[in-house]
Amino acid sequence: MTAAKIIGAVVGTTVLAFGLDHVISDRKLFGGTTPSTVLNQAWWQETDKKFQSWPRVAGPPVVMNPISRQNFIVKSRDE
């Protein structure tokens, strides 16, 4: 009996959340418009080209000690 109530509550919450999201975001309940940058396919392509052309630079691997919040650079055994 308890499992049925839990499953029913989860399903009901999911349906309610989807419905509210649809009404507020897609139907623009509070007004507003969709930005032109979202509607413009050429803008998306240019933005994607820009992000793909940036060089990817990374530093050495780091291990964080969450207790003392200190970061330690991990050195390979060859060094």
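Helices here are DSSP runs of H or I at least four residues long, numbered from the N terminus. Keep that numbering at hand for the tour. The model is predicted.

**Stop 1: the whole chain**

Show the protein chain as a cartoon. It has 3 helices and 2 strands. Followed along the sequence, they come in the order α-α-α-β-β. Now colour by pLDDT. The chain average is 81, and 73% of the residues score at least 70. Which element has the highest mean pLDDT, and which the lowest? Helix α1, residues 2-26, is at the top with 95. Strand β2, residues 70-73, is at the bottom with 62.

**Stop 2: the surface**

Switch on the molecular surface. The chain exposes about 7,700 Å². Carbon and sulfur atoms supply 63% of that area. How much of the chain is buried? Of the 79 residues, 1% are buried.

**Stop 3: a nonpolar patch**

Select Leu16, Leu20, Val23, Ile24, Leu29 and Phe30. Together they make a nonpolar surface patch of about 600 Å². Then pick out Ile24 alone. Ile24 lies in helix α1. Is Ile24 buried or partly exposed? Its relative accessibility is 36%, so Ile24 counts as partly exposed.

**Stop 4: helix α3, end to end**

Move to residues 41-53, which form helix α3. Set a distance between the C-alpha atoms at its two ends. The viewer should give 19 Å. What span should 13 residues give at 1.5 Å a residue? The expected value is 18 Å, which agrees with the model.

Next, go to the start of α3 and show the Asn40 side chain. A side-chain oxygen of Asn40 comes to within 3.1 Å of the backbone nitrogen of Ala42.

**Stop 5: the salt bridge in α3**

Stay on α3 and select Glu46 and Lys49. The structure holds 1 salt bridge. Glu46 and Lys49 form a salt bridge, with their closest N and O atoms 3.2 Å apart. Side chains of opposite charge can pair when their charged atoms come close. Where do the two residues sit relative to each other along the helix? They are 3 residues apart in helix α3, so about one helical turn separates them.

Finally, check how open each partner is. Glu46 has a relative accessible area of 48%, so Glu46 is partly exposed. Lys49 has 52%, so Lys49 is exposed. The cut-off between the two classes is 50%.

Terms used
Residues numbered from 1 in each chain as written. Predicted model: local features only at pLDDT ≥ 70, side-chain atom pairs only at ≥ 80, totals over all residues. Heavy atoms only, no water. pLDDT = per-residue confidence, 0-100. Expected span 1.5 Å × (residues − 1). Polar contact = N/O pair within 3.5 Å; in protein donor to acceptor, adjacent residues only side chain to side chain. Patch = residues over 30% accessible without salt bridge, like charges linked within 9 Å, V, L, I, M, F, W, Y side chains within 5 Å. Areas by Shrake-Rupley, 256 points an atom, 1.4 Å probe, with all protein chains shown as cover. Salt bridge = Lys/Arg side-chain N within 4 Å of Asp/Glu carboxyl O. Buried < 20%, exposed > 50% of the residue type's maximum accessible area, 1.4 Å probe, protein only.
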